[in-house]
Amino acid sequence: MTSKKPLWDHDAHSLHDLFCEGAASAEEIVTSHLERIRSADSSVGAFLYVDEAGALEEARRQDRWSAVERRERPLAGVPVALKDNIVAQGMPTTAGSKILGEFRSPYDATVVVKLKQAGAMIVGKTNLDEFAMGSSTEHSALAETRNPWDVSRVPGGSSGGSAAAVAAQMVPLALGSDTGGSIRQPASYCGIVGMKPTYGRVSRYGLIAFASSLDQIGPMTRSIRDARLLYEVIKGADAHDSTALALGEERTVSQGPWRIGVPREYFGEGMEAGVRQVTEAALERLRSMGHELVEISLPHTPYAIAAYYLIAPAEASSNLSRYDGVRYGMRAEGRDLVTMYEKTRDEGFGAEVKRRILLGTHALSAGYYDAYYLTAQKVRTLIRQDFDYAFREVDFIVTPTTPDVAFRRGERDDDPIKMYLGDVYTVTANLAGIPGLSIPAGLADGLPVGLQWLAPRLGDLSLFDAAATLETQLEPMVWPMGVDE
Amino acid sequence: MELSDREILHVARLARLRLTADELEPLRQDLNRVLDYVSQLQSLDLAGVEPTLHAAADQAPLRKDIETASLSVAEATKNGPKVEQHMFLVPRIMEGGSDDE
Amino acid sequence: MNQYQVIVGLEVHVELKTATKLFCSCSAAFGGEPNTHTCPVCLGMPGVLPVINQEAIRLATRSALALNCTVRAVSKFDRKQYFYPDLPKAYQISQYDQPLGEYGWVTIRGADGAAKKIGVRRVHVEEDAGKLNHLGQRLGDATGSLVDLNRAGVPLIEIVSDPDLRSAEEARLYLTELRAVLSYLDISDLRMEEGSMRCDANVSLRPADFQGNLEDLPRVEIKNVNSIRNVQRGIEYEVARQRELLAAGERIVKETRGFDDATGKTYSQRSKEEANDYRYFPEPDLPPLVLDPQWIADMKRGLPALPDAIRANLIDRGMPEKDAEVLVLDREAYEYWQQATALFQDERLVTNWMLSDLSRLINARGESFANSRVRPEGLVALLGLIQSGTLSGRMAKEVLEAMFETGQSASQVVKDRGLSQITDASAIQSIVDQVLKDNPAVVQDYLSGKEKALAFLVGQVMKQTRGQAKPDLVNQLLKDSIQKDYAPSQD
Ligand SMILES: [Mg+2]
Ligand SMILES: [Zn+2]
């Protein structure tokens with residue numbers, strides 16, 4: 001009987017139904033999740049901020065809603081967490097950095113407006129690599145987040161807090177942001193579903209910019225149906241975001257069988273054996289379901305990391321210039337303006353952020369723009385074209401999400417290139433602007449392995465549909481800190 | 001193209017980051033490794049390839065020129081580290097920049 | 001000694017007259033209590049994004065077209081990056097390599113009347129910065145500064161001339177003409193004192209034997225001068241300063257200089273070694289600005305008559321060039337003139353009265369043709385009274401002054417003051433007869449050929465009528481009466 005398991009053990013669909021039927025009150029749902037946070041988060045460290053009072057107040061408000069009012073709002077009764085680079089009015093937002101100090105946003109991100117309209121109850125903000133720069137959440141200046149599957153390991157990043165919170169069942173839904181894989185990689189490491197929408201599908205208004213031309217907000221959940229539900233709530237045009245696409249036609253795809261592209265560049269060296277095994281088993285399953293696996297080539301893949309590590313830092317160096325100690329956030333006093341600027345930024349930013357600011361500033365500086373930024377944007381065009389050609393042949397592309405499983409904390413501190421190379425399978429979707437979905441495909445040595453699905457631009461919904469057919473074929477996911485039998 | 005300490009300090013100056021001597025050495029190594037890594041892009045023939053300068057929409061939407069409420073001055077300045085007379089106070093501005101500490 | 005040619009290029013920033021800012025919906029109105037016209041976007045809060053104001057684009061396009069620019073169907077925005085407390089994001093969203101308008105020109109006319117085309121290299125759209133209030137007498141000894149971001153994000157166009165200007169006087173002519181052109185478009189308040197029009201001047205001296213690119217000459221930029229007159233003064237000073245340096249065998253250093261209104265001198269603001277590296281790159285938050293070519297063409301067709309065409313038209317109609325120039329440079333005066341001449345046939349009379357007496361009154365009061373109490377209908381009514389002979393020119397001046405002071409109509413003033421001119425011969429005849437009778441000697445002088453004697457007699461009649469008699473009429477009556485009553489008979 002589902003009603004016997006704790007409320008925090010339900011997915012969003014189930015919680016919403018329980019709330020609509022009156023089987024659980026919003027207050028019970030919130031209370032259950034807050035308790036779960038209290039018990040689980042001491043070892044996981046997913047949250048930077050939990051708004052107990054705000055969530056309970058919202059829950060009591062929702063409990064006064066009629067059945068119709070509940071049904072009208074697809075997320076009524078459902079707790080949700082925000083990666084702490086998404087602003088919500090009145091709540092602190094840190095971006096995992098010291099430099100934002102005591103900042104409290106005077107406005108809501110567009111996704112937050114949409115969540116609230118849909119009845120979601122925002123319980124708090126989750127940890128991340130500082131300004132979303134990192135793949136392990138170890139680069140947060142504020143807290144350590146551990147992988148619920150093995151607390152000696154990282155949850156991945158930069159949306160590691162959201163991934164860990166969902167995997168440890170502290171919330172059924174969380175938002176992350178993905179600039180080079182920052183939703184999909186931690187989803188893979190934590191064994192959950194994470195999706196980066198088509199660039200422009202979800203408004204970036206209120207998302208603290210890392211690399212503007214690559215950033216997208218997306219859902220992180222324990223089931224594909226929940227990911228789709230959350231995606232449907234947050235997507236859409238926005239009068240505050242000039243890069244948000246008007247709600248046009250969604251690309252659809254037939255019921256199948258499909259032609260599924262398997263890019264040879266993604267199966268080369270550098271992939272851990274366990275990841276290869278799980279991936280190949282999933283591909284075999286797809287074949288047995290009647291789909292056709294087609295080996296394809298995305299020839300410019302080897303250049304993706306290099307292009308990404310010019311474009312993203314360049315944009316970041318610009319986006320992070322506003323943290324100057326004048327209007328908000330931290331300020332280190334100095335006897336004159338420039339000293340104040342330099343001390344504030346010196347004390348406020350962590351090492352990885354400084355490294356990327358310097359790299360990006362250099363890439364844009366006089367005499368280097370053409371060789372670095374412009375060249376990288378041309379390579380980006382080639383990577384987009386690779387996908388354009390590939391999707392003339394195939395309906396979807398399936399790859400591993402990451403070459404590895406969650407690594408140990410502290411393991412990759414010293415080597416930026418090695419850390420950057422972990423993004424090798426995910427950055428291409430950001431560069432091409434296409435949607436990507438990571439679903440848990442199985443375990444290797446007890447750690448989750450993600451399978452990445454890619455679709456053409458605006459193929460977001462078809463991605464959920466396609467991956468869902470596989471989800472039903474796979475072993476049901478067991479949650480790492482689940483209910484004891 | 002190796003970055004020298006002088007170039008790194010110039011870039012740091014542009015970015016308003018102050019680097020101490022002990023930060024400089026590891027940074028120079030890291031930056032040069034990254035620059036060495038990205039130099040592989042130079043091997044590609046990019047003649048005739050258009051840069052992807054805009055990721056999605058090909059045309060900026062235009063907004064109607066209709067005023068909406070601004071923040072209250074209290075809201076606008078509530079996050080200010082130093083506020084006087086409803087304005088953000090900054091230390092004295094020395095043209096040409098500060099002297100070293 | 002080397003001969004030098006003066007090379008001047010001007011960058012003019014003009015604030016556009018929109019209701020809201022360029023990238024957010026805050027009020028763009030001038031003034032307001034500090035930081036009351038601000039929102040997350042123009043405060044540069046984390047997470048905000050720009051959305052372009054279509055009215056700013058319309059006004060900018062109009063301006064570019066009026067300056068004879070080619071307007072791009074596709075232009076783009078870029079980030080210009082530098083740290084300063086008045087620039088919230090630490091970058092200004094501007095247009096770098098694909099500006100809205102390019103390749104235009106402004107025609108100036110020197111004292112000799114010869115026309116010269118000054119190239120307008122580009123017209124681009126960008127956002128304004130906020131305002132710093134320095135705590136102290138001046139920046140140099142301020143203890144700190146207070147930042148007000150009401151202006152931050154107000155739409156600007158920047159109009160960059162080619163380095164085609166060869167003197168401070170040409171710079172003055174260019175700015176005057178540019179300002180006139182823009183004034184007809186109704187795109188800005190164009191108030192230099194309030195900063196809605198600002199000018200930076202790039203000044204260099206070209207040695208006679210210099211063959212290279214003008215851009216390579218060591219150039220001094222005079223920043224933010226607050227009147228056309230001061231731009232001229234600043235350039236004059238700068239040219240003299242550079243000449244002296246060169247004569248002394250020194251080099252000119254590339255730098256930014258300010259202009260001190262009180263002394264008329266420029267002073268160094270920013271040293272050369274703080275070379276700017278703005279790290280421009282395409283604004284990733286804004287897709288390209290795409291304009292419909294048909295819309296651009298319609299916009300061009302819809303431009304109002306501009307100074308060049310107006311000037312030519314006025315001169316064609318027989319207006320003296322000098323008058324045409326005065327009229328065309330003051331849009332309000334020209335519009336006043338148009339309204340008046342639409343109601344009144346005698347254009348010359350309108351022009352004369354406007355540019356002499358009315359102008360004098362308006363200038364003395366620091367008013368303008370647009371807000372003067374004497375409206376075109378009122379002036380025309382007055383001119384009608386002159387034309388009909390009801391008022392003499394001298395009386396009309398008095399009436400105009402009264403109209404200007406009180407706001408009354410011409411007829412009201414005439415009535416109140418009993419000023420109307422006596423045009424009825426029978427009303428004056430008795431006075432004429434009396435004056436002749438009282439001044440027999442003068443009459444004899446006249447008859448003996450002393451023309452001046454008549455003027456005396458006219459004066460006497462005018463005096464007795466308190467100036468209200470129509471002078472021509474008095475003249476005629478005196479002549480007729482002398483002829484009739486005093487002249488020796490012919491037969
Ligand atoms: Mg400018
Ligand atoms: Zn605003």
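The paragraphs below walk through a predicted model, beginning at a metal site and moving on to helix packing and then to backbone details.

The magnesium ion (ligand 1) takes its protein donors from chain C, namely C:H13 through NE2, C:E126 through OE and C:E158 through OE, and these lie 1.9 to 2.5 Å from the ion. Read along the chain, the donors follow the spacing H-x112-E-x31-E. Since C:H13 belongs to strand β1 (residues 4–15) of chain C and C:E158 to strand β11 (residues 155–161) of chain C, the pair ties together parts that are 145 residues apart in sequence. Both of these donors are withdrawn from the surface by the accessibility criterion, which calls a residue buried under 20% relative accessible area: C:H13 is buried at a relative accessible area of 12%, and C:E158 is buried at 9%.

Elsewhere in chain C, several helices can be followed through their contacts. Helix α8 (residues 347–365) and helix α9 (residues 376–387) of chain C have axes that come within 11 Å and cross at roughly 115°, and α8(C) and α9(C) are therefore roughly perpendicular to each other. The crossing of α8(C) and α9(C) is right-handed. On the α8(C) side the contact is formed by C:L349, C:V350, C:W353, C:M354 and C:L358, which meet C:L379, C:L382, C:L383 and C:I386 of α9(C). Sorted by class, the contact of α8(C) with α9(C) holds nine nonpolar residues, with no polar and no charged ones.

A second helix pair in chain C consists of α6 (residues 321–329) and α7 (residues 331–343), whose axes come within 5 Å and cross at roughly 110°. That angle makes α6(C) roughly perpendicular to α7(C). From α6(C), the residues C:L327, C:V328 and C:L329 take part in the contact, while α7(C) contributes C:R331, C:A333, C:Y334 and C:W337. The residues of the contact of α6(C) with α7(C) divide into six nonpolar, no polar and one charged.

Also in chain C, helix α3 (residues 228–247) contains C:L246. Leaving aside residues up to four places away in sequence, C:L246 touches C:Y4, C:L205 and C:I252. Of these partners, C:L205 is 41 residues apart from C:L246 along the chain, and the C-alpha atoms of the two are separated by 9.3 Å.

Chain B offers another helix pair, in which α1 (residues 5–14) and α2 (residues 21–38) pack at an angle of about 95° with their axes 10 Å apart. The helices α1(B) and α2(B) are therefore roughly perpendicular to each other. In this contact B:D5, B:I8 and B:L9 of α1(B) meet B:L24, B:R28 and B:L31 of α2(B), and the residues of the contact of α1(B) with α2(B) divide into four nonpolar, no polar and two charged.

In chain A, helix α5 (residues 110–117) has A:T110, A:V111, A:V112, A:K114 and A:L115 as buried residues. The buried residues of α5(A) pack against both strands and helices of chain A, the partners being β2 (79–83), β3 (121–126), β4 (173–178), β6 (216–221) and α8 (224–234). Just after α5(A), the backbone at A:G119 takes a positive phi of about 90°.

The backbone of chain A has further details that a careful reader may wish to inspect. The peptide bond from A:G157 to A:S158 is cis, with omega near 10°, and A:S158 is found in the loop between β3 and α6 (160–167) of chain A. The peptide bond from A:G256 to A:P257 is likewise cis, with omega near 0°, and A:P257 has its place in the loop between α8 and β7 (259–263) of chain A.

Positive phi values also appear in chain A at residues other than glycine. For A:D445 phi is near 50°, and this residue lies in the loop between β10 (436–444) and β11 (447–454) of chain A, where A:D445 is exposed, with a relative accessible area of 82%. For A:L458 the positive phi is about 70°, and its place is in the loop between β11 and α16 (460–471) of chain A. In contrast to the exposed A:D445, A:L458 is partly exposed, with a relative accessible area of 23%.

Notes:
Residues are numbered from 1 along each chain as its sequence is written. Chains are lettered from A and ligands numbered from 1 in the order in which they are written. This is a predicted model: local features need pLDDT of at least 70, side-chain atom pairs count only at pLDDT 80 or more; totals for chains, interfaces and linings use all residues. Side-chain values use heavy atoms; hydrogens and water are left out. Axes are lines fitted to C-alpha atoms, for helices over the stretch in contact, and angles run from 0 to 180 degrees between N-to-C directions. Helices (H or I, at least four residues) and strands (E, at least two) are DSSP runs, numbered from the N terminus. Angles under 35 degrees count as roughly parallel, over 145 as roughly antiparallel, 65 to 115 as roughly perpendicular and the rest as oblique. A crossing is left-handed if the near helix is turned anticlockwise from the far one by less than a right angle, and right-handed if clockwise. Contact means heavy atoms within 4.5 Å. Ala, Val, Leu, Ile, Met, Phe, Trp, Tyr, Cys and Pro count as nonpolar, Asp, Glu, Lys and Arg as charged, and the others, Gly among them, as polar. Donors are N, O and S atoms within 2.8 Å of the metal (3.2 Å for Na, K and Ca); water is not among the atoms, so sites may look incomplete. Buried means under 20% relative accessible area, exposed over 50%, partly exposed in between (1.4 Å probe, protein chains only).
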